[in-house]
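Visitor: Could you take me through one part of this protein slowly? I'm in my first year, so plain words would help.

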Amino acid sequence: MTVRDFQNIKFAFEDRVARITFARPPLNIFNIAMMREIGDALNDCANQNDLVAIVFDAAEGSRAFSAGVAIEEHVPETVVEMLDSFHDIFRKLNQISWPAIALVDGAALGGGCELVAACDIVIASERAKFGQPEIKLGVFPPVAAILLPRIIDEKKAREMILLGEVIDAPEALRYGLANYVVPASEMQTRLMNVLTKLRELSPSSLAMTRRAIAIGGDRDFDKSLKNVEDLYLNQLMKTEDANEGLRSFMEKRKPEWKGK
C-alpha cells in the first residue's frame, strides 16, 4: 500500500485502486483546503498507468458522505477560489481515464451529491440520502445543473434542483443516481465484487473505454461549466437574495427574500 499524507482526506493506492476518503467528520464539509487536496489526489491518479478505479468514501465515524461545500466560503472574499477549487475536481474527473466509484453511507448533499453524480458507479447504503438544497439558500448547484439532467430522469433532476428536496436511497436507485443499494454492513463486500470484476479487465482497454464514455457524454462539459460559473459568480452572487440566503444560514435564521 502507498499512502500520501493530507490533512483533510486520506489517500492511498492499494492493489490497483486509489482510495480518497473524506476525513472531516462528522459531515465532511468541503472547504477550500480539502477540495485542493482532492484535486491533488486526482492529479496523482491521472499519472498512474494501471489503476482499475478511484474510490470515494467517508472516514469512520462520519454521519455523511459529504454535506456539501462550506457555506462560509461563499462570501465575496473567497467565492471565486471556492468555486475554482470545487469545479477543478469535476474537470479532472471528466478528463481522467479511470472509473470513479462512490460509497455513500449517510447524506450526500449539495456538493456531495454533485460528486456522486460525477461518479461512474455508486454504491449506497439503505440509509443514504441525496439532495441539492442550494435553492433554499438563494443559490443553485452549478455542477448538478449540468450533470443531473444527463444522468437521471430530467423531470426528477429539475425537481431536485428547483425544490431542494432530499430523496432516499431507493429513489436514487430508481432514478439512476445509485447503481446499488445495500445494507451498510454489505457495502465493502459489494465494492470488492465490483473491483474484482474491474481487475479482470485490461487496464489500457478500461482506461480507453472510460475515456470514450466521457467523450460520448461530454456535450462540451468544460464550456457548459464555464458558462454556469459566469452566471453564478457574475450574476447570482451579485443579487441581494443570494447573499441574504447565505448570511441567514450562517446566522441560523429564516431568510428574508427581496426578489432582487
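Visitor: I'd like a close look at the sheet, starting at E1: how many bridges join E1 to E2, and do the two run parallel or antiparallel?

Guide: Sure, but keep in mind that this is a predicted model. E1 and E2 run antiparallel, and 3 bridges join them. Find Thr2 and look across to E2: the residue standing opposite is Phe13. Between the two strands there are 4 residues, and together E1 and E2 make a hairpin.

Keep following the chain and you meet another hairpin, this one formed by E2 and E3 with 2 residues between them. Asp15 sits in that turn and has a positive phi of about 50°. E2 and E3 also run antiparallel, and they are joined by 6 bridges. One pair to look for is Ala12 with its bridge partner in E3, Arg19. As a bit of background, strands of a sheet pair through backbone hydrogen bonds, either parallel or antiparallel.

Now zoom out to the whole sheet. It is an open sheet of 7 strands, in the order E1-E2-E3-E4-E6-E8-E11, and the pairing is mixed. Strand E1 (2–4) and strand E11 (180–182) are at the edges; each has a single partner strand, so one side of each has no neighbour in the sheet. From one strand to the next, the twist averages 20°.

Over at the E11 edge, you can see the parallel kind of pairing: E8 (residues 121–125) and E11 run parallel, with 3 bridges between them. Ser125 has Val182 in E11 as its bridge partner. Then look for helix H7 (residues 187–199), which packs on the sheet. H7 touches E2, E3, E4, E6, E8 and E11, and its direction makes about 170° with that of E6.

What about the nonpolar residues? The largest nonpolar core has 70 residues, and those touching the most other members are Phe22, Ile54, Phe56, Val104, Phe130 and Leu177. There is also a second, separate core of 15 residues, with Val17, Leu103, Ile121 and Leu195 among them. You can match some of these to places we've visited: strand E3 covers 17–22, strand E4 covers 53–58 and strand E6 covers 100–104. In a regular strand, side chains alternate between the two faces of the sheet, which is handy to remember as you trace those residues.

Note on methods. Residues are numbered from 1 along each chain as its sequence is written. This is a predicted model: local features need pLDDT of at least 70, side-chain atom pairs count only at pLDDT 80 or more; totals for chains, interfaces and linings use all residues. Side-chain values use heavy atoms; hydrogens and water are left out. A nonpolar core is a set of buried Ala, Val, Leu, Ile, Met, Phe, Trp, Tyr and Cys residues joined through side-chain atoms within 4.5 Å. Buried means under 20% relative accessible area, exposed over 50%, partly exposed in between (1.4 Å probe, protein chains only). Two strands pair if DSSP finds at least two bridges between them. Axes are lines fitted to C-alpha atoms, for helices over the stretch in contact, and angles run from 0 to 180 degrees between N-to-C directions. Contact means heavy atoms within 4.5 Å.
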